[in-house]
Amino acid sequence: MLTTADAIVIGAGIVGNATAYYLAKKGLSVIVLEASEYIGNGGSSRNGGGVRQSGRDPKELPLMVWGVKNIWPHLSEELGVDTEYKQKGNLRLGKTPAHMEKLKTLADNAIKCGVDVQMLTAEEVKKINPYLSDAVIGASWCPTDGHANPLTTTLGYYKAARALGADFVTGCPVKKIITEKGKVCGVETPEQKFYAPSVVVAAGFESNEILGTVGINIPMRKRVLQCLVTEAEPQMFEQMLGTAAADFYGHQTKHGSFVFGGHDGFEDDPVVINNDYPFSTGDFASCCSRGIMGYFPLLSNAKIVRTWSGYEDHSSDVVATVSKCDEVPGLYIECGFSGHGFGIGPAAAYNIAELIATGSCPADISPLRYDRFKSVI
Ligand SMILES: Cc1cc2nc3c(=O)[nH]c(=O)nc-3n(C[C@H](O)[C@H](O)[C@H](O)COP(=O)(O)OP(=O)(O)OC[C@H]3O[C@@H](n4cnc5c(N)ncnc54)[C@H](O)[C@@H]3O)c2cc1C
């Protein structure tokens, strides 16, 4: 097992795997340290597969737009796996004038950042998706959004990183970042130390505990998100869907099943219990199904095969941190993806790898700096 490399990546989710891949592609030696026994066992293999620009905070848009143009269209070919990426647009549906107002504000923000988002009437929405209920009075439409398969994409990055020589160690939780004269020189785990001049923290919510060992704090909390999958149905539509009411989102997969995410209807987030292992709450499937049937009555008889859940690293401004750390040279941060890190993860990883390898990166990640958070008191 290697204990010294050019770079250490902490966490083997989509972000850590992709960062390792792009670093190895640049010719750097990489060690990836993963706390659990499995690769991609965090949110990265449990998510709804949305790859969207629309509905994002303007701070994330330059990076996301860059990723949709430069990474996603060629990713299957690059990794040699079928990521099932489909760029067939995102419809965000509204049922009330208040919904439409909310959608218009989001659309205006995206348009200002150069994203093609249009507001559609009920008639125009029906032309794109004829299965929708008459309760839908309009939608925002982003034709360059899409969806992909989280499992094949995350594991595709893992396999491709390994093929380029990246070393992965599972069951290896990082407890501490080690510095020498203020600069990063490695990390400590319960068993041993690993050394590298660059360390990337991509450990989801747990990133904060690790960053805390060098005095850095990204304000975020841990939330549970849930999904369901139906039996395969005849192919109906290819768009990614969301709603202004946030009562469900999802898409139909290549296999024909529908993967939908949503809410369990309770005001508070589901509680994190069960020995910290995420579990699906009893009310989720029925509540999410009520949401879905309000838009797609035709799906009333679709059978749910299973539900699952995963954790979200929900940052205080609901925006990711993708940044180098000035106070601790050699330290790079990719966390706080706030429930929408699958779509933007590959772009974040590419840009951080470029920053480490060359000192600069192609996308504007300055709005995602770690020191943007201000204390209000
Ligand atoms: C149900 C659900 C639906 C979602 N839907 C979407 C969607 O449609 N579109 C979208 O873009 N995003 C979605 N997301 C969010 C998306 O999944 C995440 O933002 C993304 O996967 C984050 O990737 P990550 O690599 O940062 O984190 P993770 O996948 O959580 O990986 C972090 C890894 O770090 C490891 N780790 C933790 N502590 C340590 C340590 N001390 N040492 C070493 N390793 C450690 C963990 O074990 C884990 O493997 C959804 C999430 C969930 C849960």
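**Group meeting: a ligand and two domains**

Let me begin at the ligand, where a backbone N or O atom of V15 lies 3.1 Å from an oxygen atom of the ligand, and please keep in mind throughout that what we are looking at is a predicted model. Two further backbone positions belong beside V15: at A35, a backbone N or O atom lies 3.0 Å from a nitrogen atom of the ligand, while at F342 the distance from such a backbone atom to an oxygen atom of the ligand is 3.0 Å. Taken alone, the ligand would expose 1000 Å², and of that area the protein buries 92%. How many residues surround the ligand? There are 37, and the closest of them are E34, S44, V174, G341 and G343.

Now let me turn to the domains. The domain assignment divides the chain into domain 1, made of 7-49, 151-219 and 317-368, and domain 2, made of 90-143 and 221-315. Their C-alpha centres lie 29 Å apart, and the contact between them takes 18 residues from domain 1 and 18 residues from domain 2.

The size of an interface is often given as the accessible area lost when the parts come together. Here the two domains bury about 1300 Å² between them, with 52% of it on carbon and sulfur atoms. On the side of domain 1, the residues that lose the most area to domain 2 are R46, G48 and F205, which together make up 45% of what that side buries.

Finally, the polar side of this interface: we find 11 residue pairs in polar contact across it, both residues being at pLDDT 80 or more, and the count of salt bridges between the domains is one. The domain 1 residues that touch domain 2 divide into six nonpolar, nine polar and three charged.

Notes
Residues numbered from 1 in each chain as written. Predicted model: local features only at pLDDT ≥ 70, side-chain atom pairs only at ≥ 80, totals over all residues. Heavy atoms only, no water. Domains from an automatic or database assignment. Contact = heavy atoms within 4.5 Å. Buried area = accessible area lost by both parts, 1.4 Å probe. Salt bridge = Lys/Arg side-chain N within 4 Å of Asp/Glu carboxyl O. Polar contact = N/O pair within 3.5 Å; in protein donor to acceptor, adjacent residues only side chain to side chain. Nonpolar A, V, L, I, M, F, W, Y, C, P; charged D, E, K, R; others polar. Near = heavy atom within 4 Å. Areas by Shrake-Rupley, 256 points an atom, 1.4 Å probe, with all protein chains shown as cover.
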